[in-house]
Amino acid sequence: SVLLTIVGSGRAAAGGLALLAPGFGAQLFGLGEGVGADNGAQLFARLFGVRDLVLGAAALTVSDAATLRVIVQMGVVIDTIDVISYLSLALTSAKGTKGREPFKPVAHALVGGGAAAFALIGLYLLNH
């Protein structure tokens, strides 16, 4: 399906970017410039990246319907948790929590909005 291709490709691309160029990926997604200089943040971004790269690649290459359904279900769970995590941090940073800068508008769109869109598309795919 076209939607599955979009989600799989987007997930694989975002994951590959986080894995191979975590500092650039963080800047592109509006998450700040600190990832490039922080080894721990780079490692954490790469751990996220490999998860999405593998899940996206699996969504694009698996042809067995039952296995593909499980892959989509895993994506929905991951994306839902990503939305909750994003909202939690966005709300605390918006309140001016000490040491946290508010997210940039591009982060709201690409990170929060992207995860929500992928979760909703996954739910749609599971029910159609």
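**Group meeting: a look at an all-helix model**

Okay, let's start with one residue: Leu 47, which sits in helix α3, the stretch covering residues 39-61. Keep in mind that what we have here is a predicted model.

So what is Leu 47 doing on my first slide? Together with Leu 43 and Phe 44, Leu 47 makes up a nonpolar patch on the surface. The three of them add up to about 360 Å² of accessible area.

Now let's zoom out to the whole fold. How many helices and how many strands does the protein have? Five helices, zero strands. Read it from the N terminus and you get α-α-α-α-α.

Next, burial and surface. There are 128 residues in the protein, and 33% of them are buried. The exposed area comes to about 7,600 Å², with carbon and sulfur atoms supplying 70% of that.

On to contacts. If you take the ones between residues at least 6 apart in sequence, 68% join residues at least 24 apart.

Here's a pair of helices to look at on the screen: α1, residues 2-20, and α5, residues 105-127. People describe two packed helices by the angle between their axes and the distance between the axes. For this pair, the axes come within 10 Å and cross at roughly 145 degrees. As for handedness, the α1 and α5 crossing is left-handed. And which residues make the contact? On the α1 side, you've got Leu 3, Leu 4, Ile 6, Val 7, Gly 10 and Arg 11. On the α5 side, look for Phe 118, Ile 121, Tyr 124 and Leu 125.

That's my tour; over to you.

Key. Residues are numbered from 1 along each chain as its sequence is written. This is a predicted model: local features need pLDDT of at least 70, side-chain atom pairs count only at pLDDT 80 or more; totals for chains, interfaces and linings use all residues. Side-chain values use heavy atoms; hydrogens and water are left out. Patches are made of residues with over 30% relative accessible area and no salt bridge: like charges are joined within 9 Å, nonpolar side chains (Val, Leu, Ile, Met, Phe, Trp, Tyr) within 5 Å. Accessible areas come from the Shrake-Rupley method with a 1.4 Å probe; for residues, only the protein chains shown count as cover. A salt bridge is a side-chain nitrogen of Lys or Arg within 4 Å of a carboxyl oxygen of Asp or Glu. Helices (H or I, at least four residues) and strands (E, at least two) are DSSP runs, numbered from the N terminus. Buried means under 20% relative accessible area, exposed over 50%, partly exposed in between (1.4 Å probe, protein chains only). Contact means heavy atoms within 4.5 Å. Axes are lines fitted to C-alpha atoms, for helices over the stretch in contact, and angles run from 0 to 180 degrees between N-to-C directions. A crossing is left-handed if the near helix is turned anticlockwise from the far one by less than a right angle, and right-handed if clockwise.
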